[in-house]
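Visitor: Could you take me through one part of this protein up close? I'd like to hear about the largest pocket, and then a helix if there's time.

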Amino acid sequence: MVTAPARLLGATELMELPCTDPGGLARALEDLAWINRWLGGTRLVLDQLASLLTSLPAPIRILDVATGYADIPRAIARLGRRRGLRIQIEAIDAHTQILGLARHASRAYPEIHILQGNALDLPFPDGSCDVVLASLILHHTEGDAQARLLRELYRVARCAVVVNDLRRGRWPFLVTWVSLRLVSRNRIIHHDGPVSVRRGFLARELLALAREAGWVQARVSRRAFFRLALIGEKPTDQQPQMDANQR
């Protein structure tokens, strides 16, 4: 049995830093959106949402934490339009430059409200969003911040949390290193993708973090292209009741 290497700690990804090349950052975000769309990240989120959306009363309020380029909120908005669903999406991120690019790319989507904020201290009341999403942010955290992030996502969610992240391993690292050089010429993508995999998780690690964060129910789903989905659904008796004015 091949054991996965230990998580890479103390690393910094280029996209986490202030950018001196706005054009390069924009191209990296476009490439990353394409990779999410074709290599499973966006599909993972939409698949998990599909079973939830039909059972939720309108308007359905979704929070996307560390939204980045907001490509996943735009995909959700398109899904809502196709299904005739009233969806309101709050998209939050801490990176000022990326938020500016996300707002520009989302200008045709009034369903999406983009704001700046801290994922570890979300500016939303308990249970104020039906579903809370977090894609490719958990691996950026270390130590106590990991459980703190999951606890904060769970606090804000009324029904469910979906965390989309990467599976760590030698094979995932090798395939990611090679494939990103085939689909993108951007140095940010070339650097950050393999580093992200080395900072990724095993399924059992995600479940342990969910338990530490106080999630009552949690499960992990393995998806294609080395993706892991950590899903936490809140028991009905834990879901705060909201009147029409609150929604």
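Guide: Here's a walk through the pocket, followed by a look at one helix.

Keep in mind that this is a predicted model. Its mean pLDDT is 91, and 94% of the residues reach 70 or more. The stretch to watch is 241-247, where the pLDDT is below 50, though in the model this stretch still has 13 contacts beyond near neighbours in sequence. Where pLDDT is low, the predicted coordinates shouldn't be read in detail.

Now the pocket: the largest one holds about 1100 Å³ of space. Its lining takes in 47 residues, and Leu32, Ser135, Leu136, His139 and His140 are the ones nearest the centre. Sorted by class, that lining comes to 26 nonpolar, 14 polar and seven charged residues. Elements giving two or more residues to it are the helices α1 (22-38), α3 (71-83), α6 (170-183) and α7 (187-198), plus the strands β1 (60-65) and β2 (87-93). Of these, α7 gives the most, with six residues.

As for the helix, let's take α8, which covers residues 203-212 and has Leu206, Leu209 and Ala210 buried. Looking down the axis of α8, you'd find its buried residues within an arc of 100°, so they line one face of the helix. The cover over those buried residues includes α5 (144-156) along with β6 (219-223) and β7 (227-233). Flip to the other side of α8 and you get Arg204, Arg211 and Glu212, which are exposed. Just past the end of α8, Gly214 takes a positive phi of about 90°.

Technical notes:
Residues are numbered from 1 along each chain as its sequence is written. This is a predicted model: local features need pLDDT of at least 70, side-chain atom pairs count only at pLDDT 80 or more; totals for chains, interfaces and linings use all residues. Side-chain values use heavy atoms; hydrogens and water are left out. pLDDT is the predictor's confidence in each residue, from 0 to 100. Contact means heavy atoms within 4.5 Å. On a 1 Å grid over the protein atoms alone, a cavity is a set of points where a 1.4 Å probe fits but cannot get out, and a pocket is an open set with protein on both sides within 12 Å along at least five of seven lines; lining residues have an atom within 4 Å of a point. Grid points are joined across faces, edges and corners, and a volume is the space filled by probe spheres set on the points. Helices (H or I, at least four residues) and strands (E, at least two) are DSSP runs, numbered from the N terminus. Ala, Val, Leu, Ile, Met, Phe, Trp, Tyr, Cys and Pro count as nonpolar, Asp, Glu, Lys and Arg as charged, and the others, Gly among them, as polar. Buried means under 20% relative accessible area, exposed over 50%, partly exposed in between (1.4 Å probe, protein chains only). The arc is that of the directions from the helix axis to the C-beta atoms.
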